[in-house]
Amino acid sequence: WPESTCPPAETSHAYSHMYDAFIADWSHRVSPWPNRSDTVFWRGAPVDDHGARSVALRYLADVPGSDARFMSWRAVSVTGQNEVPGCVGLLEQCRHRYLAFLAGTTYSSRIKYQ
């Protein structure tokens with residue numbers, strides 16, 4: 001299925017598109033490890049997990065410098081062009097050293113870009 005995107009900055013998650021963008025603007029020369037944010041970062045949507053993500057976010061809120069919160073899927077399209085308030089693009093997520101992975105019914109498409 002098509003991967004979601006964060007318009008308008010991110011128009012495609014096709015591997016070749018993301019790889020070219022990563023090499024052009026987000027390579028380790030631009031964002032080396034020492035320059036990456038020390039925040040614990042996570043964005044995602046609520047899922048049917050009996051509140052486990054909500055509990056995790058409450059704990060992460062107590063971590064100094066954390067940036068973990070829900071985003072909202074509004075208009076969803078099979079083309080991947082979605083209205084997603086609060087969405088942070090995959091390459092922007094690469095500016096953080098620490099990325100939280102919370103259990104759910106989805107997968108983390110960003111792993112291949114880290």
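This is a short selection tour of a three-stranded sheet, one crossover and two aromatic pairs.

The model is predicted: local features need pLDDT of at least 70, side-chain atom pairs count only at pLDDT 80 or more, and totals for chains, interfaces and linings use all residues. Residues are numbered from 1 along each chain as its sequence is written, and side-chain values use heavy atoms, with hydrogens and water left out.

**The sheet**

Select residues 37-44, which are strand S1, then 67-70 for S2 and 96-99 for S3. Strands (E, at least two residues) and helices (H or I, at least four) are DSSP runs, numbered from the N terminus. The three strands form an open sheet in the order S2-S1-S3, with parallel pairing; two strands pair if DSSP finds at least two bridges between them. S2 and S3 are at the edges with a single partner strand each, so one side of each has no neighbour in the sheet. Neighbouring strands are turned by 30 degrees against each other on average, direction ignored. Axes here are lines fitted to C-alpha atoms, for helices over the stretch in contact (heavy atoms within 4.5 Å), and angles run from 0 to 180 degrees between N-to-C directions.

Next, show the bridges. S1 and S3 pair over three bridges; phenylalanine 41 has leucine 99 in S3 as its bridge partner. S1 and S2 are joined by four bridges, and glycine 44 is partnered by phenylalanine 70 in S2.

**The crossover**

The chain passes from S1 through H2 to S2 in a right-handed β-α-β crossover (with the strands pointing away from the viewer, the path from the first strand over the helix to the second runs clockwise). Select residues 52-61 to see H2, which lies across S1 and S2 and runs at about 150 degrees to S2.

**The aromatic pairs**

Rings of Phe, Tyr and Trp (its six-membered ring) pair if their centres lie within 6.5 Å; planes under 30 degrees apart count as stacked, over 60 as edge-to-face and the rest as tilted. There are two aromatic pairs by this rule.

Select tryptophan 33 and tyrosine 98: this pair is edge-to-face, at 6.4 Å centre to centre and 85 degrees between the planes. Tryptophan 33 is in the loop between helix H1 (15-25) and S1, and tyrosine 98 is in S3, 65 residues apart. Tryptophan 33 is partly exposed at 44% relative accessible area, as is tyrosine 98 at 39% (buried is under 20%, exposed over 50%, partly exposed in between; 1.4 Å probe, protein chains only).

Finally, select tryptophan 42 and phenylalanine 70, an edge-to-face pair at 5.8 Å and 75 degrees. Tryptophan 42 lies in S1 and phenylalanine 70 in S2, so the pair ties together parts 28 residues apart in sequence. Tryptophan 42 is buried at 4%, whereas phenylalanine 70 is partly exposed at 30%.
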